[in-house]
Amino acid sequence: MIKGIYVAGRSLDQKMKNISTVANNIANLNTTGYKREVPFLEILSQVSQPVVKDITDFNQGDAIPTENPLDLFINGKGFFTIKTERGLEFTRNGKFNVSNDGFLVNDQGYRVMGRNGEINLTTTKFDENQTLSISKTGEIKIGEQPVDTLLIAHLDNLQQPKRIDGASFITVDDEFQLAGESDFEIKQGYLEESNVNAIIEMESMIQINKEYETASKMIAALDQSLEKAVDIGRV
């Protein structure tokens, strides 16, 4: 009976974590490039403790046209590479701007990496009559003058990257492989929508709440049975 209460208690704890995961997904419904977290129960026999591990759904979100030449969408595999004070980060959020000192930066001001390092658009003589173009392979040009090529990372094992922020991931020791040109194409003037489906998340939330309620009732029933057993023992 005690074991039953313990197991039901663990179930409640797992359900709370699942509710938190689903709530976070719903909160990021409109976050560009956000990847849905999938609650998953994994038993780690080596430590004899059940541990809840979140799995990330890396399926591609829909492309949203913006007509902004600095908004970029990766169609296919790959991540934009961003340099931060924490090291390299990888994201599908291609909402970029140009900083006051001419660097291509994300919405947090971190610099976007090209194959030659941090991308600086002022290294090329700029003529306001020339346009900024980015090819399907990520080559950046001002007019006909090449600037750099986006560093598109391929993360070898998609279960290993660790989420560091809403739509950003890190890897151990900044390790990654360069994505092949056949793996992706860059679409300029588009952003990737979050891959969270509000209907699926609400269905998950309802199901988890039902399971939570069931586990709560089970604990209450076991507790009452235990209390009666103690009373009988006193007679």
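Strands, labelled E, are DSSP runs of at least two residues, numbered from the N terminus. The exercises below concern a predicted model.

**Exercise 1.** Place Arg 92 relative to the strands of the chain, and decide whether Arg 92 is buried or exposed.

*Solution.* Begin with the position in the chain: Arg 92 belongs to the loop that runs between strand E6 (87–91) and strand E7 (97–98). Next, take the relative accessible area of Arg 92, which is 5%. Because buried means under 20% relative accessible area, Arg 92 counts as buried.

**Exercise 2.** Determine which polar partners the side chain of Arg 92 has, and which residues distant in sequence it touches.

*Solution.* Consider side chains to start with: Arg 92 and Gln 60 are joined through theirs by a polar contact of 3.3 Å. Then turn to the backbone, where the oxygen of Gly 78 lies 2.9 Å from a polar atom of the Arg 92 side chain. Finally, leaving aside residues up to four places away in sequence, Arg 92 touches several others, among them Gly 33, Ile 74, Phe 80, Ala 167 and Glu 192.

**Exercise 3.** Describe how strand E6 is paired, and explain why E6 is largely enclosed.

*Solution.* On one side of the analysis stands E5 (residues 79–84), which pairs with E6 in the antiparallel sense over 5 bridges; a hairpin joins E5 to E6 through 2 residues, and Thr 84 has Gly 87 of E6 as its bridge partner. The pairing of E6 with E16 (residues 168–170) is likewise antiparallel, over 2 bridges, and here Phe 90 has Phe 169 of E16 as its bridge partner. As for enclosure, 5 of the 5 residues of E6 are buried, so the strand is largely enclosed by the rest of the structure.

How values were computed: Residues are numbered from 1 along each chain as its sequence is written. This is a predicted model: local features need pLDDT of at least 70, side-chain atom pairs count only at pLDDT 80 or more; totals for chains, interfaces and linings use all residues. Side-chain values use heavy atoms; hydrogens and water are left out. Helices (H or I, at least four residues) and strands (E, at least two) are DSSP runs, numbered from the N terminus. Buried means under 20% relative accessible area, exposed over 50%, partly exposed in between (1.4 Å probe, protein chains only). A polar contact is a pair of N or O atoms within 3.5 Å; within protein, one must be able to donate a hydrogen and the other to accept it, and residues adjacent in sequence count only if both atoms are side-chain atoms. Contact means heavy atoms within 4.5 Å. Two strands pair if DSSP finds at least two bridges between them.
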